[in-house]
Amino acid sequence: MSSPTVTPAVVGEARAGTPARRRQGSGRQQRGVLPIFLGPFGLLFALFYLLPIGYAVYQSLLVVEREGTFGKARETFGGLTQYGRVFEDDAFRESVLRVLLFGIVQVPIMLGLALVLALLLDSPLVRGKKFFRLAFFAPYAVPGVVAAIMWGFLYSPNLSPLSELTSKVGFLSADLVLWSMANVVTWVYVGYNMLIIYSSLLAIPSEVYEAARLDGAGQLRIAWSVKIPMVAPAIVLTAVFSIIGTLQLLAEPQVFRTFSSAVTSTYTPNLTVYSTSAVPNFHLAAAFSVVLALATFVLSFTFLKLTQRRTDA
Amino acid sequence: MIAPLSAGPETSARRGVTENPLSRLAAMAVMGLATIYFLFPIWWLFVSSTKDRGQFTSTNPMWFADWALWDNVKAVLTYRDGVYLQWILNSLLYTIGGALIGTVLAGMCGYALAKYRFRGREALFNIVLGGVLVPATALALPLFLIFSRVELTNTFWAVFLPSLVSPFGVYLTRIYSASSVPDELLEAARLDGSGEVRTFFTMSVRLMVPALVTVFLFQFVAIWNNFFLPLIMLRDESLFPVTLGIYTWNTQVNQIPELRGYVLVGALLSVVPLIALFLLLQRFWRNGLGAGSIK
């Protein structure tokens, strides 16, 4: 590589007086390598993201027709028939409302906890930060399925180390099981969200704090008026990922079905997709998938836009 | 990122003098309670894994009895010709391969989107960004239908190939390389006669390391924890990743009671690789995470 003193001069020369031919040549050469850079990812993205989405939409538009009761099955174009069935499905509607309720309660609690812990970790009040950071983050190393199994044991009256509590409170009962799952999700993801918020707290320049302190702001005031607004983008990011996560709730309820009879095969939208495809009714399951993907997309996108406008204003 | 970190101890010492001891006590109490909440299930899992079946229910669940951890581990690893070991190996294959290749491909794409101007660049980026918002579970069923058309379900590839794609990786590496790989440096490399691909692999990659490590970790965790895709795709037990394996054991606990202990010990073992990876790469990861959240 050329020495630093020479390079800028050469670059300047090439830019200023450049022979057009040379620049064009390098431009063509540059564009020539684009397929190498973009091709492999682009191909896989098309195959495993775009194609399945397209295929699900296509499948969702088909219906199976039979000639007579025992006749041969035949796939024909059915327009929006499957979508009509999706929206008429009471169990599906209930499951959507259930995860929305879950999200409205669980996501703010989880993110609030993550924010408080991140702020405390960033404040001068706390000693032993390295230990706490690791302790809070440890549950994230536990895969969702495994975490659900562990907590399933902890909730079971006869196996739990908290048997005094679990024999009185029915964590796996129909009334509470949704919130027992919310606790599992919170347990796994608080530390992860805390780390995202914490690292963006670390990126705030210290001059900002000095200015605030000169104005006479205490720790709480700094946290409220300086730190929280400055980490707002990180919080938005974690919120969007949480919304996506809530709507795809699957591993936890699937595992809890082995611990609690209150969790049905249509308990969450994703479980509905899974059990419908196991029937199998792929066309209806595809329609469920499409509706679910669209709902997730619209919700996260709307949230992103709404919060962006607010922070811009 | 380095400045506030190094300023931390100094300012906190200075401020510590004026800090109210009551607020300090309250802060430490909150941290302590949170620690108990996050660690007691893991502690319980560890303690339970060290007991034999009889003592599991008859002794204090939060404290040790006779030390039977090694016997338990041996029992899990040798159960049904070492199927658990096979699952761990499968998980490592899916994750290391998927995360490594996925990171390189996403890095190349993100870098090209940041450093080359071409028609359709923004459109392409927006499509990929849309991919970040599409839940992976919504893709699993249509993927299953496609794979069954080409008779690839119940194969290694059915789980491996989809995990090579990381739209989030493209997003992160694009943002990161736009700010950390200077155009002047690329220009200089060009004048020195280095090809674009060579420049990327010998020079740009080094500047992008924190972002690449972050993408690798994200992909690694996502694949290691993946449950729905293998659940739908795989029938053959010998292809299972460890999550699906432990899940199937847990569903059989009622018929085969000794599996209860195996589920617990297997769960404990399945956490070890991720913890090792976090400890190994945590410095890189923290920095990279911050980069992703700044817009």
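## Interface of chain A and chain B

Zero salt bridges are found across the interface of chain A and chain B, a salt bridge being a side-chain nitrogen of Lys or Arg within 4 Å of a carboxyl oxygen of Asp or Glu. Nine residue pairs across this interface are in polar contact, both residues at pLDDT 80 or more. A polar contact is a pair of N or O atoms within 3.5 Å; within protein, one must be able to donate a hydrogen and the other to accept it, and residues adjacent in sequence count only if both atoms are side-chain atoms. This is a predicted model, in which local features need pLDDT of at least 70 and side-chain atom pairs count only at pLDDT 80 or more, while totals for chains, interfaces and linings use all residues. Side-chain values use heavy atoms, without hydrogens and water; residues are numbered from 1 along each chain as its sequence is written, and chains are lettered from A and ligands numbered from 1 in the order in which they are written.

Contact (heavy atoms within 4.5 Å) joins 99 residues of chain A to 106 residues of chain B. Between the two chains about 9,700 Å² is buried, 78% of it from carbon and sulfur atoms; buried area is the accessible area (1.4 Å probe) that two parts lose on being put together, summed over both. On the chain A side, F37(A), F41(A) and F48(A) lose the most area to chain B, together 8% of what that side buries.

## Composition of the chain A side

The side of chain A that touches chain B comprises 76 nonpolar, 18 polar and five charged residues. In this classification Ala, Val, Leu, Ile, Met, Phe, Trp, Tyr, Cys and Pro are nonpolar, Asp, Glu, Lys and Arg are charged, and the others, Gly among them, are polar.

## Domains of chain A

An automatic or database domain assignment divides chain A into domain 1 (52-88 + 279-298) and domain 2 (97-276). Their centres, taken over C-alpha atoms, are separated by 35 Å. The contact between them takes 10 residues from domain 1 of chain A and eight residues from domain 2 of chain A.

The two domains of chain A bury about 720 Å² between them, with 75% on carbon and sulfur atoms. F288(A), L292(A) and T296(A) supply 61% of the area that domain 1 buries against domain 2, more than any other three residues. Between these domains there are zero salt bridges, and three residue pairs are in polar contact, both at pLDDT 80 or more.
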